Amino acid sequence: MLLSISVDSPQVPPVSFAGGGRSAAMTSTIAFVGAGPTTIYTLHALIEAARQPLSLTIFEQQPSAGRGTPYRPGWNDPAMLSNIASIEIPPLIETLVDWLRAQPADRLAKLGVDPADIGERVFYPRLALGDYLHDQFQALLERARVQGHEVDVRIRTRVLDALSQPDGMILSVRARGGAKTQEKFDHVVLATGHQWPDEPEVRPGYFLSPWPASALATIRPSAVGIRGTSLSAIDASVALALRYGTFDAEEDGRLRYEPAAGADGFRMTMMSRKGLLPEADFFHPIPYEPLTICTADAIEAIIADDDVKPLDAAFALFKRELAAADPDYAAEIELEGLSLEEFSDRYFAERGDLDPFDWAEWNLTEAKHNHAARITVPWRYAILRMHETLGNLVPHLDQEDYRRFSQFLKPVFVDDYATVPHESIERMLALHRAGKLDILAIGDDHRVDSHREEGGAVVHIGDKRLTFPAFIEATGQRPLGTKDFPFQSLLDQGIVRDAPTTDPREASRGIVIDDQFHPVSDAIPDDQLFCLSLPFLLGRHPFSQGITSSHEMGKVVGEQVALAVAQVAEMRANPAVEAA
């Protein structure tokens with residue numbers, strides 16, 4: 001079998017099929033749209049499970065396949081850190097640590113990795129993870145070839161549309177500089193990843209996202225507003241800070257920010273509803289220790305019980321698990337008497353009463369000590385483990401409980417699991433000490449006006465008015481619905497449709513899919529289409545971000561595709577079974 005890589009071909013030749021969409025050799029044909037981490041993990045699961053030869057085609061718009069937007073050069077500044085350590089990354093051909101240790105010193109230096117600092121719980125630059133994923137992708141392609149699969153990787157190629165037919169999916173495809181062609185596949189996996197504008201500066205001085213990081217180079221050393229205080233906002237602030245200064249270690253080990261000459265006017269204000277920085281990564285056992293009360297089985301039982309209010313019943317289990325894990329914390333916050341809404345307020349209360357940088361310094365000191373001593377804070381670890389089981393409940397919530405979950409419980413889980421590398425907090429503290437960074441709580445009653453002749457934006461908070469010559473939206477990927485879905489024919493056919501909502505002002509609940517990531521529709525054959533495109537899943541799966549989610553979703557879909565291929569092979573081998 002042949003492994004082929006197509007680079008800038010002027011025209012993508014159509015695939016010829018015979019016998020109801022199958023190739024002449026009757027090999028099942030599978031297309032992946034996108035070549036980031038989700039496709040990599042799906043491909044890994046598929047070739048592990050497949051027992052028949054496959055014809056695999058992978059479409060990628062970028063000049064290089066196998067990295068994904070969060071880890072791509074140009075899109076990310078070399079100083080941007082990932083917030084996942086090697087120990088948390090599901091291995092592919094090899095673990096991240098093993099891969100790093102096998103790299104030559106000059107490659108590590110280019111990636112910003114000190115060979116002496118390589119370890120399972122270390123956080124590395126995003127670009128280092130991109131190179132790791134790229135190499136693992138190439139190794140997977142080689143494994144697929146050795147196992148007898150045909151693999152065709154089409155870089156610089158865009159899938160324009162997708163159409164379902166009874167005998168296969170028709171993809172409209174255009175290679176860069178080429179003509180549009182149509183190709184048919186038995187199974188298609190949509191894994192188009194994050195959805196950001198190619199040109200984030202949509203109006204002078206106003207940026208809809210901090211990516212690509214190279215676009216921020218146009219920002220002059222002036223007052224910069226950044227909406228968001230999570231890792232996305234930290235990434236933006238670090239990229240700008242390194243444009244107008246340097247970070248250096250002081251004798252006491254603290255990080256210092258030294259502004260460059262001519263950067264006196266440079267100052268950033270990060271802002272969010274609560275005005276809090278994320279907490280520093282905390283030590284905990286990996287893999288997770290099992291829950292004893294708020295288990296997946298217990299949540300499934302709630303889902304199956306029509307006589308209970310699911311969110312309140314699940315929150316009762318959440319409180320019991322949390323109290324069992326950390327009785328002192330439960331007593332301190334008077335957990336037993338707290339409603340879901342009250343718990344959210346109580347969780348953030350102590351931090352909200354302090355200056356965000358004072359809290360960040362205290363929290364960083366605690367986190368460093370606990371890592372060194374391998375101490376786990378029980379209440380933090382319990383909440384971390386429960387976010388996945390409570391996430392299983394979300395697709396089954398009515399609109400009112402979905403609103404309550406999104407407003408009160410989801411922020412707690414996100415705050416707990418979206419901790420950041422210690423160095424990221426150190427950088428924020430250094431910028432603040434240098435007088436280059438403030439954090440502002442803007443609450444719910446604020447408005448950003450970016451339609452200004454002067455450019456930038458004005459932030460209105462009640463009667464207060466703040467003007468920024470440059471303003472960056474850095475709140476992360478938001479859930480998207482059908483109005484942003486890129487494949488019109490699937491909308492026209494009624495295959496892809498929005499999850500129902502009673503209030504158009506609420507955030508999208510995404511598109512309607514089942515637990516195997518099929519669009520729920522009678523208009524498409526089973527197992528023909530899988531949707532793993534992150535923005536359209538976030539309404540149903542609010543915590544499905546990052547490499548671990550790519551692995552979990554990819555395992556489900558890879559095994560489903562392998563099963564579908566095996567069933568077709570069985571029917572061909574036993575025509576009587578198909579006739580029956």
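**Exercise 1. A charge over a ring**

Over the face of which residue does Arg 427 lie, and at what distance from the ring centre?

*Solution.* The model examined here is predicted. A charge is placed over a ring if CZ of Arg is within 6 Å of the ring centre and within 35 degrees of the ring normal. Arg 427 lies over the face of Phe 247, with 5.9 Å to the ring centre. A further arrangement of this kind involves Arg 385, which lies over the face of Tyr 381 at 4.3 Å from the ring centre.

**Exercise 2. An aromatic pair**

Classify the ring pair formed by Tyr 206 and Phe 471, and state where its members lie.

*Solution.* A pair of aromatic rings is described by the distance of the centres and the angle of the planes. The whole structure contains 22 aromatic pairs. For Tyr 206 and Phe 471, the ring centres are 6.2 Å apart and the planes are at 15 degrees, so the pair is stacked. The pair links distant parts of the chain, with Tyr 206 in strand E10 (residues 206-207) and Phe 471 in strand E19 (residues 470-473), 265 residues apart. As for accessibility, Tyr 206 counts as buried at 7%, and Phe 471 is buried at 0%.

Aromatic residues also form a cluster, whose members include Phe 315, Tyr 329, Trp 379 and Phe 543.

**Exercise 3. Surroundings of Thr 57**

Determine whether Thr 57 is buried or exposed, and identify its contacts beyond four places in sequence.

*Solution.* Begin with the location: Thr 57 belongs to strand E3 (residues 54-59). Next, the accessibility: buried means under 20% relative accessible area. Thr 57 has 5% relative accessibility and therefore counts as buried. Finally, the contacts: leaving out residues up to four places away in sequence, Thr 57 touches Ile 30, Ala 31, Phe 32, Asp 152, Arg 154 and Phe 185.

**Exercise 4. Two loop residues**

Describe Gly 455 and Ala 418 by loop, accessibility and separation from a residue elsewhere in the chain.

*Solution.* Gly 455 is in the loop between strand E16 (446-449) and strand E17 (457-461). Its relative accessibility is 3%, so Gly 455 counts as buried. Gly 455 and Arg 203 are 252 residues apart in sequence, while their C-alpha atoms are 7.0 Å apart. Apart from neighbours within four places in sequence, Gly 455 contacts Pro 204, Phe 468 and Pro 469.

Ala 418 occupies the loop between helix H12 (399-417) and helix H13 (422-433). With a relative accessible area of 23%, Ala 418 is partly exposed. From Ala 418 to Arg 572, 154 residues apart along the chain, the C-alpha separation is 48 Å.

How values were computed. Residues are numbered from 1 along each chain as its sequence is written. This is a predicted model: local features need pLDDT of at least 70, side-chain atom pairs count only at pLDDT 80 or more; totals for chains, interfaces and linings use all residues. Side-chain values use heavy atoms; hydrogens and water are left out. Helices (H or I, at least four residues) and strands (E, at least two) are DSSP runs, numbered from the N terminus. Buried means under 20% relative accessible area, exposed over 50%, partly exposed in between (1.4 Å probe, protein chains only). Contact means heavy atoms within 4.5 Å. Rings of Phe, Tyr and Trp (its six-membered ring) pair if their centres lie within 6.5 Å; planes under 30 degrees apart count as stacked, over 60 as edge-to-face and the rest as tilted.
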